[in-house]
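Dear colleague,

Please find below the structure that I am handing over to you. My findings on it follow directly after.

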Amino acid sequence: MMRWRAVVAATVACGSLALGGVLAGCGSSSGASDSPAQSITLYSGQHEQTVDGLVTAFEKQTGITVNVRSDDEDTLADLIAVQGSHSPADVFYTENSPPLEFLQEKGLLSPVAPATLADTTAKYNSPQGDWVGVSARVSVIIYDPSLIAESQLPTSVLQLANPRYKGKLAFAAGETDFQPIVTSVLKTYGKSAALTWLDGIKSNAASHIVPDNETIADEVNRGQVAFGVINQYYWYRLEAEVGASGMHSQITHFAPHDPGYVIDVSGAAVLKSSKHQAAAQKFLAFLASKQGQEIISRASGNEQSYEYPLGDGVTTSAAETPFDQLQPASITIAELGDGSTAIALLREAGLL
């Protein structure tokens with residue numbers, strides 16, 4: 001994840017200033033919330049491929065400048081929680097729903113305009129209406145056919161812990177995309193079984209515990225390890241980067257409705273502390289609008305996000321399994337929660 005993000009030191013600097021009570025120069029205007037805004041600050045945990053085209057089009061359409069500060073979504077969520085009512089951010093845009101739910105639980109998000117929520121399917125939005133779903137990805141198995149046949153791959157996420165896969169599995173324990181899978185396994189099988197499962201994964205992936213999904217995709221594609229679990233868009237982005245001739249890996253799904261077959265929702269929220277509420281709500285409305293959703297769906301090459309748009313009537317133009325043909329587990333946004341239970345379980349298993 002971090003390889004494709006420009007980590008902006010100003011984000012952390014502003015957090016330090018907020019702790020010291022010195023906020024000058026670190027945020028948006030201190031004017032009234034209904035005053036005209038020529039710029040907003042976006043805290044982004046999303047990939048630049050997804051963000052850049054959206055921001056450029058929004059600025060062109062509205063004349064509002066978007067100042068983007070990028071970092072890992074959990075880092076930004078923690079920073080916003082520390083900054084509280086003094087956060088310089090107006091909008092928070094994430095890859096996954098748990099960081100948004102974390103801030104919602106702390107009462108730090110403004111309600112999203114009903115018209116914006118109506119542009120996407122309700123089950124992919126905040127259950128409380130405090131953030132809007134923008135796009136989605138799905139978990140898949142990436143594998144090297146020269147090292148392992150598709151018929152030998154696990155069909156259930158629990159099989160990742162099978163000793164037969166020792167030394168063959170790559171695993172990114174700190175990857176936020178994996179936390180929803182942990183939550184799904186925990187919900188389905190209980191804590192004891194989930195811990196045993198994580199212990200098995202830890203043993204099987206001992207020589208290939210890596211920092212992120214990009215590394216899993218790269219190592220599998222270069223034949224350094226047989227398989228791993230990623231979100232599907234990493235494979236398609238790698239293909240765009242190295243070309244079809246450079247792709248030595250393939251992807252496949254877990255069995256239909258298996259707990260490892262999880263939809264991850266990327267969403268955005270307006271912070272309650274924003275001094276530019278109207279402009280920030282306009283940005284969310286643009287993300288959910290047909291124009292914004294089509295930007296996600298139709299870009300090509302290295303500019304393509306390879307995420308699934310969630311807007312009504314908009315489908316991806318990428319050559320990947322159509323969203324309406326996926327057969328994921330039935331876990332809901334509310335059941336995925338704020339991710340804290342998954343993080344605690346990963347720590348208990350010695351993986352974080």
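The largest cavity encloses about 70 Å³ of space in this model, which is predicted. Its lining is formed by Leu160, Leu169, Ala170, Phe171, Ala172, Glu175, Phe178, Ile201, Asn213, Ile216 and Val229. Two or more of these lining residues come from each of β5 (169-170) and α8 (213-221). By class, nine residues of this lining are nonpolar, one is polar and one is charged. The charged residue is Glu175 and the polar one is Asn213.

In total, the structure holds two cavities of 30 Å³ or more. The second largest cavity has a volume of about 50 Å³, and its lining consists of Ser139, Glu175, Asp177, Phe178, Ile181, Asn213, Val229, Ile230 and Asn231. Glu175, Phe178, Asn213 and Val229 appear in the linings of both cavities. Strand β6 (residues 227-231) makes the greatest contribution to the lining of the second largest cavity, namely three residues. That lining divides into four nonpolar, three polar and two charged residues.

I turn next to the pockets. The largest pocket has a volume of about 340 Å³. It is lined by 16 residues, and those closest to its centre are Asp74, Asp78, Gln179, Ile343 and Arg347. The helices α3 (73-83), α4 (98-105) and α13 (340-348) are the elements that each give two or more residues to this lining. Its composition is mixed by class, with six nonpolar, five polar and five charged residues.

The second largest pocket contains about 260 Å³ of space. Of the 14 residues that line this pocket, Lys123, Tyr124, Ile263, Ala329 and Ile331 lie nearest its centre. At least two lining residues are supplied by each of β8 (263-270) and α12 (333-336). The classes here are 11 nonpolar, two polar and one charged; the charged residue is Lys123.

One helix deserves separate mention. Helix α10 (residues 277-288) has 12 residues, which at 1.5 Å a residue should span 16 Å, the expected span being 1.5 Å times one less than the number of residues. The C-alpha atoms at the ends of α10 are 17 Å apart, in agreement with that expectation. Is α10 enclosed by the rest of the structure, or exposed? Nine of its 12 residues are buried, so α10 is largely enclosed by the rest of the structure. The buried residues of α10 are Gln277, Ala279, Ala280, Gln281, Phe283, Leu284, Phe286, Leu287 and Ala288.

Finally, some values for the chain as a whole. Its secondary structure comprises 13 helices and nine strands. Of the 352 residues in the chain, 57% are buried. Where contacts join residues at least 6 apart in sequence, 78% of them link residues at least 24 apart. The accessible surface of the chain amounts to about 13,800 Å², and carbon and sulfur atoms account for 52% of that surface.

Yours sincerely

How values were computed
Residues numbered from 1 in each chain as written. Predicted model: local features only at pLDDT ≥ 70, side-chain atom pairs only at ≥ 80, totals over all residues. Heavy atoms only, no water. Helix = DSSP H or I, 4+ residues; strand = E, 2+ residues; numbered from the N terminus. Buried < 20%, exposed > 50% of the residue type's maximum accessible area, 1.4 Å probe, protein only. Contact = heavy atoms within 4.5 Å. Areas by Shrake-Rupley, 256 points an atom, 1.4 Å probe, with all protein chains shown as cover. 1 Å grid on protein atoms, 1.4 Å probe; cavity = no way out; pocket = protein on both sides within 12 Å on 5 of 7 lines; lining within 4 Å. Points joined across faces, edges and corners; volume = space filled by probe spheres on them.
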